[in-house]
Amino acid sequence: MIHKEMKRNFIFILLLTVAINLNAQEKPNIIFLFSDDAGYADFGFQGSKIMKTPNLDKLAKSGAKFTQGYVTDATCGPSRAGLITGKYQQRFGYEEINVPGYMSANSKFLADDMGLPLDQLTIADYLKKLGYKTAMYGKWHLGDADRYHPTKRGFDEFYGFRGGARNYFGYNDVSKANLDNRMERGFGNYQEPTEYVTDALAKEAVSFIEKNKGNPFFIYLAFNAVHTPMQATKEDLNKFPNLTGKRKELAAMTLALDRACGTVLNKLKELGLDKNTIVVFSNDNGGPTDKNASLNLPLSGTKSNHLEGGIRVPFLISWPKQIKSKTVYNFPVSTLDLLPTFYAAGGGNVADLIDIDGVDLLPYINGQNNSRPHNTLFWKKKYA
């Protein structure tokens, strides 16, 4: 009798475990690919005949391309604060790029003390509540102080740098590199890469995918490409013999960016995860055309101003299980919408999100809601 009871209990636990695992597998994996300072026109899927971006072009065809995708600010720090919280960053005082020398003297916080306020929840915080494993790789730029560290803001894993820009090759003399620009694994474990940073970040993401292929996961892969300094490998530079100067360097760096995205996308396909993985690609602000030879055409303006060229960006969402291929969406959307879109897709109730400004985009993409996601979007420029 005891033996039969134990057997029934074992079968019950086994079935429960299977049910839990099946439920976990139903949740989509989520990967957010984020480039840095890229030009609006500098991708094949955006019409470029010069840049070679076959992997991102393929991604664009696999899901939805947004013709009016916007970020919340024309500089990278505030832009990232808006997207990672789903709310306008001005509402919690993050109005300036947190780079010493660029901040106004009347800013509430300066230097390392400027960061994402600790009372603000991130995409990773919300997704962890839904059972997701979370990782952040690359450029953080949401606070250099320890209290702002990614591993304290909802991310299980981190390999990247806390600041806003760094070399694409490992520093030979790390003593000359600011601490916030050095590559860090986890918390406080500084490890310079042995290969080109763009490729190194992709390999970290692939490793995380392999380790968590049986669990729903979220990866925020924030490349520093194609932000200055302009540095590319000789192999990539040789792919563009007809270009010169910064434009040649940009093309090579963009090729590396696309290759890294392809490394991640190919791993998803290899493991059979591609159909039920949401992949988003976007850029943190318009290209700084004077610094990295990027092109924002046909838009006017550049990074750091609020003309279209400063705030309108390439914007793709792919989810083969839910979004039709070659979808083109024309109403304005915002990176504010990423948090609620991811949360709803992961099984969360958007009504539970605290005081956000974004919306779940899926009903709009799939035609369930034919109205605009946003009647109005707002930007504010702070002057010293």
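Visitor: How many of the 8 residues of helix α10 (residues 338-345) are buried?
Guide: Buried means under 20% relative accessible area, exposed over 50% and partly exposed in between, with a 1.4 Å probe and protein chains only. Helices (H or I, at least four residues) and strands (E, at least two) are DSSP runs, numbered from the N terminus. α10 is largely enclosed by the rest of the structure, because its buried residues number 7 of the 8.

Visitor: What kind of model is this?
Guide: Residues are numbered from 1 along each chain as its sequence is written, and side-chain values use heavy atoms, without hydrogens and water. Local features need pLDDT of at least 70 and side-chain atom pairs count only at pLDDT 80 or more, while totals for chains, interfaces and linings use all residues, since this is a predicted model.

Visitor: Which strands does α10 touch?
Guide: α10 packs on the sheet, and its direction makes about 175° with that of β9. Such angles run from 0 to 180 degrees between N-to-C directions, and axes are lines fitted to C-alpha atoms, for helices over the stretch in contact. Contact means heavy atoms within 4.5 Å. The strands touched are β1, β8, β9 and β11 (315-318).

Visitor: Which strands stand at the edges of the open sheet?
Guide: Two strands pair if DSSP finds at least two bridges between them. The sheet has 10 strands with mixed pairing, in the order β7-β6-β5-β4-β8-β1-β9-β11-β2-β12. Two of them have a single partner strand each, so one side of each is left without a neighbour: β7 (189-190) and β12 (327-329).

Visitor: Which residue of β11 stands opposite V279?
Guide: β9 and β11 pair in the antiparallel sense over 4 bridges. Both faces of β11 are covered, with F315 and I317 buried on one side and L316 and S318 on the other. Opposite V279 stands S318.

Visitor: Which residue in β8 is the bridge partner of I30?
Guide: β1 (residues 29-35) and β8 (residues 217-222) pair in the parallel sense over 5 bridges. The partner of I30 is F218.

Visitor: Are helices α2 and α7 parallel or oblique to each other?
Guide: Angles under 35 degrees count as roughly parallel, over 145 as roughly antiparallel, 65 to 115 as roughly perpendicular and the rest as oblique. Helix α2 (residues 54-62) and helix α7 (residues 245-270) pack at about 55°, with their axes 7 Å apart. That makes α2, relative to α7, oblique.
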